[in-house]
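Here are a few exercises to work through with the model open in your viewer. Try each task before you read its solution.

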Amino acid sequence: MSERIQAPRGTFDVLPQEEAARDGLARAAQRILGAAGYQRLETPIFEATELFARGVGEATDIVRKEMYTFDDGGGRSVTLRPEGTAPVCRAYVEHGMHKLAQPVKLWYLGPFFRREAPQKGRYRQFFQVGAEALGSEDPAVDAEIILLVAELFEALRIHTRLRLSSLGSPEARAAYREQLVAFLRAHSDALSADVRERIELNPLRAFDAKDRGTQAVMAEAPRLFGAITPEDREHFDTVTAMLDDAGLTWERDETLVRGLDYYTRTVFEFESPDLGAQSGVGGGGRYDGLVEALGGPATPGVGFAAGIERMLLAAAQQPDAPPDVDLYVALAKPQYAREGMRIATEVRQAGLNAQVELAGRSLKGQLKHADRLHARYVAILGDEGAQLKDMDSGEQHEMETGAVPAAVLRGERPV
Ligand code: HAM
């Protein structure tokens, strides 16, 4: 027999039974983003490698070690897209969208690729839903993007914590960078080897380090938020005032750094307490220099992306989403308890959800309870066998007790 071929590490199949949840999520995104005037844009799965090298940044982990890059056979280097913002900016320039009414509001949903160490919630092919608003510096756009993410999570009943900061303008950041590099050099003995090696390359990433030694150093490090200009601060305050007006809870986190180099001013991250180590469900921010860096006209932009798999993981754990009850077995007399248990077990073994009366309630109380559970069928076991009631239509049908599981499994309305 030949050796079995498996899907590559860090990838997954989306099985038919998993499609409904993903469809629901896509529909919610379409409805919520569409209602705010965002239109769907689909860009290619692979792009010129240069787009990400320049767009995402040579110093980032994504570009240094996580991209699937290959020669397309014609001497051109192409890369499976690791993120969606640079491609959307490329398309904006390529299709002359700066001539349209600004901001141009676009959204996307599709697969992305990063060669990361696979674990729960972290894959090498994953799906993102995201949106980008290009062509406006107005802090209202930052607020709108954040409120739309919050609305999407709310619709999917994903509980999140929102962290927010400002990285200021590139000039403020350049000055701060020098200060941080000097600080890190002075404390290099206490830093992890990885952070030490990258002091020059990407000093801000030290805030993200997982090792205790580096974290202790970083607790004392100068903060970029303290170095932003008054204009940057005013922008930040306007964004947060709008979030407050909408009743959205947020926390300022001066240590928030993102894994992409294009951000200016607003950066944010939504985290779910229901996820483990990979708690970031969505994130984004403003990137006022990116379109220009990709050869387009100077164009401000702001956007977000959220991981579909992480959203589904976080949503699945909501305690307030009980499973459907296909059958509730009620007992006209307590002596039918064993019969009731047998029927409920049989129905569950066949893959449906079934519950049996366990609290000695009156028959009226049992029917009320079944109603509360939104049971699709109720079987009442009595002296004459069973009455099977379809709770949707109200129709009732008498049958032998033993016939109940088959009738429920057929899902037919009793005649
Ligand atoms: P990001 O934070 O790199 O941002 O990714 C956004 C989301 O994608 C994360 O919060 C996470 O849910 C999901 N994600 C990222 N990597 C993986 C992975 N390996 N496995 C599973 N899920 C993952 C961006 O990509 C930016 N383009 C967001 C943005 C849009 N900024 C401005 N506009």
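**Exercise 1. Find the polar contacts of the ligand.**

Start with nitrogen: a nitrogen atom of the ligand sits 2.7 Å from a side-chain N or O atom of E116. That's a polar contact, meaning a pair of N or O atoms within 3.5 Å; within protein, one must be able to donate a hydrogen and the other to accept it, and residues adjacent in sequence count only if both atoms are side-chain atoms. Next, take oxygen: the side chain of Q128 has an N or O atom 3.1 Å from a ligand oxygen, and G280 brings a backbone N or O atom to 3.0 Å from an oxygen of the ligand. Finally, check the cover: the ligand alone exposes 660 Å², and the protein buries 95% of that (Shrake-Rupley areas, 1.4 Å probe).

A note on the ground rules: this is a predicted model, where local features need pLDDT of at least 70, side-chain atom pairs need 80 or more, and totals for chains, interfaces and linings use all residues. Residues are numbered from 1 along each chain as its sequence is written, and side-chain values use heavy atoms, leaving out hydrogens and water.

**Exercise 2. Describe the shell around the ligand.**

Step one: collect the residues with a heavy atom within 4 Å of the ligand. You get 26, and E83, E116, Y123, E132 and Y263 come nearest. Step two: sort by element (DSSP runs numbered from the N terminus; helices are H or I, at least four residues, strands E, at least two). Strand 10 gives the largest share, six residues; strand 6 (125-134) and strand 11 (301-307) each supply at least two.

**Exercise 3. How do helix 1 and helix 11 pack?**

First, get the geometry: helix 1 (residues 16-35) and helix 11 (residues 308-316) have axes 11 Å apart, at about 110 degrees. Axes are lines fitted to C-alpha atoms over the stretch in contact, and angles run from 0 to 180 degrees between N-to-C directions. Then classify: the two helices are therefore roughly perpendicular (65 to 115 degrees). Last, list who touches whom, with contact meaning heavy atoms within 4.5 Å: A21, R22 and L25 of helix 1 meet I308, E309, M311 and L312 of helix 11.

**Exercise 4. Locate the cis peptide bond.**

Look at omega: it's about -5 degrees between Q102 and P103, a cis bond. Then place P103: it's in the loop between helix 4 (85-94) and strand 5 (104-113).

Methods: Parallel < 35°, antiparallel > 145°, perpendicular 65-115°, else oblique.
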